[in-house]
Amino acid sequence: MTVVLRRVNRVLLGLAGLLLVVGGGAVLAAALDLPVPSWWPWSGRSDVLLSAADRQRWREESWWWPVVIAVLGIVVLLALWWLLVQFRRARLRELLVDTGDGEEAILRGRALETVLEADAAAQEGVARAKVSLTGRRGAPRTRVALDLEPYASPGDALSRLGDDALAHARTSAGLPELPTEARLRAVKHRARRVT
């Protein structure tokens with residue numbers, strides 16, 4: 001879903017940007033009295049966006065106002081949907097675990113995240129860990145954010161994360177693989193006083 005959301009965002013933002021640039025360019029060209037083609041929507045400083053005739057052209061038609069209200073309602077609903085989708089978390093709520101007897105059990109995603117966070121935070125040099133489980137029920141993925149102490153080695157922290165915490169998670173959930181994206185950052189600390 002995040003790939004689709006990213007593509008939709010890029011297309012919508014690109015179209016909005018293109019419309020704003022074209023509209024702004026047309027208004028700027030007319031305001032500066034630049035030579036513009038005859039089909040240009042504005043031709044000078046005294047031009048208006050909609051003339052009185054344009055504003056009153058469809059007033060007598062019975063279909064006009066219902067169509068305008070329906071189109072504006074659809075635009076508002078699409079804008080609200082787009083806004084709400086931006087805040088939707090792509091977390092995996094549950095994943096399937098093969099129990100070995102031909103049946104499958106359901107493991108809550110939050111439970112696996114909590115265990116992974118505890119395992120990762122217990123490592124030497126890790127101040128804090130945050131884990132998000134994404135992907136599909138049968139093929140989960142993890143995103144791990146590790147805040148490292150100033151003395152910690154990023155390479156060591158990453159190898160311990162893979163060898164300990166992620167290996168335990170894969171084994172306990174019966175997963176053949178658990179692709180992980182890890183982000184490391186150093187914890188800010190005060191400078192030490194030298195005497």
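Two strands are taken to pair when DSSP finds at least two bridges between them. In this predicted model, strand 3 and strand 4 form a hairpin, with four residues between them. Strand 3 covers residues 126-135 and strand 4 covers residues 140-148, and the two run antiparallel over nine bridges. Within this pairing, Leu133 stands opposite Thr142 of strand 4.

**The nonpolar core**

The largest nonpolar core contains 22 residues. Leu95, Leu112, Leu116, Leu146, Leu148 and Leu161 have the most contacts inside this core. At least two core residues come from each of strand 1 (94-98), helix 4 (109-121), strand 3, strand 4 and helix 5 (154-173). Helix 5 gives the most, with six residues.

Leu95 illustrates how separate parts of the chain meet. Leaving aside residues up to four places away in sequence, Leu95 touches Ala105, Ile106, Leu107, Leu112, Leu133, Arg137, Pro140, Ala173 and Leu175.

**Helix 5**

For the 20 residues of helix 5, a rise of 1.5 Å a residue gives an expected span of 28 Å, and the end C-alpha atoms, 27 Å apart, agree with that value. Helix 5 nevertheless has a kink of about 35°, centred on Leu161. Leu161 is also among the core residues with the most contacts.

The buried residues of helix 5 are Ala157, Leu161, Ala165, Leu166, Ala167, Ala169 and Ala173. These buried residues pack against strand 1, strand 2, helix 4, strand 4 and strand 5. Just after the helix, Gly174 adopts a positive phi of about 65°.

**Salt bridges**

Side chains of opposite charge can pair when their charged atoms come close. Across the whole structure, six salt bridges are found. The table lists three of them.

| Salt bridge | Closest N to O distance |
|---|---|
| Glu94 and Arg108 | 3.6 Å |
| Asp147 and Arg185 | 2.8 Å |
| Glu181 and Arg183 | 2.8 Å |

The salt bridge between Glu94 and Arg108 has its closest N and O atoms 3.6 Å apart. Glu94 belongs to strand 1 and Arg108 to strand 2 (residues 104-108), so this pair ties together parts that lie 14 residues apart in sequence. Glu94 is partly exposed, at 22% relative accessibility, whereas Arg108 is exposed, with a relative accessible area of 55%.

The side chains of Arg185 and Asp147 also meet in a salt bridge. This pair links distant parts of the chain, with Arg185 in strand 5 (residues 180-186) and Asp147 in strand 4, 38 residues apart. Arg185 is exposed, because its relative accessible area is 54% and exposure is assigned over 50%. Asp147 is buried, because its relative accessible area is 8% and burial is assigned under 20%.

In the salt bridge between Glu181 and Arg183, Glu181 is partly exposed at 36% relative accessibility, and Arg183 is exposed, with a relative accessible area of 58%. Salt bridges that share partners also join Arg128, Asp147 and Arg185 into one network.

**Strand 4 in context**

Several of these features involve strand 4. This strand pairs with strand 3 in the antiparallel sense, supplies at least two residues to the largest nonpolar core, and contains Asp147, the partner of Arg185 in strand 5. The buried residues of helix 5 also pack against strand 4.

Conventions:
Residues numbered from 1 in each chain as written. Predicted model: local features only at pLDDT ≥ 70, side-chain atom pairs only at ≥ 80, totals over all residues. Heavy atoms only, no water. Core = buried A, V, L, I, M, F, W, Y, C linked by side-chain atoms within 4.5 Å. Buried < 20%, exposed > 50% of the residue type's maximum accessible area, 1.4 Å probe, protein only. Contact = heavy atoms within 4.5 Å. Salt bridge = Lys/Arg side-chain N within 4 Å of Asp/Glu carboxyl O. Expected span 1.5 Å × (residues − 1). Bend = angle between axes of the 7 residues up to and from the residue.
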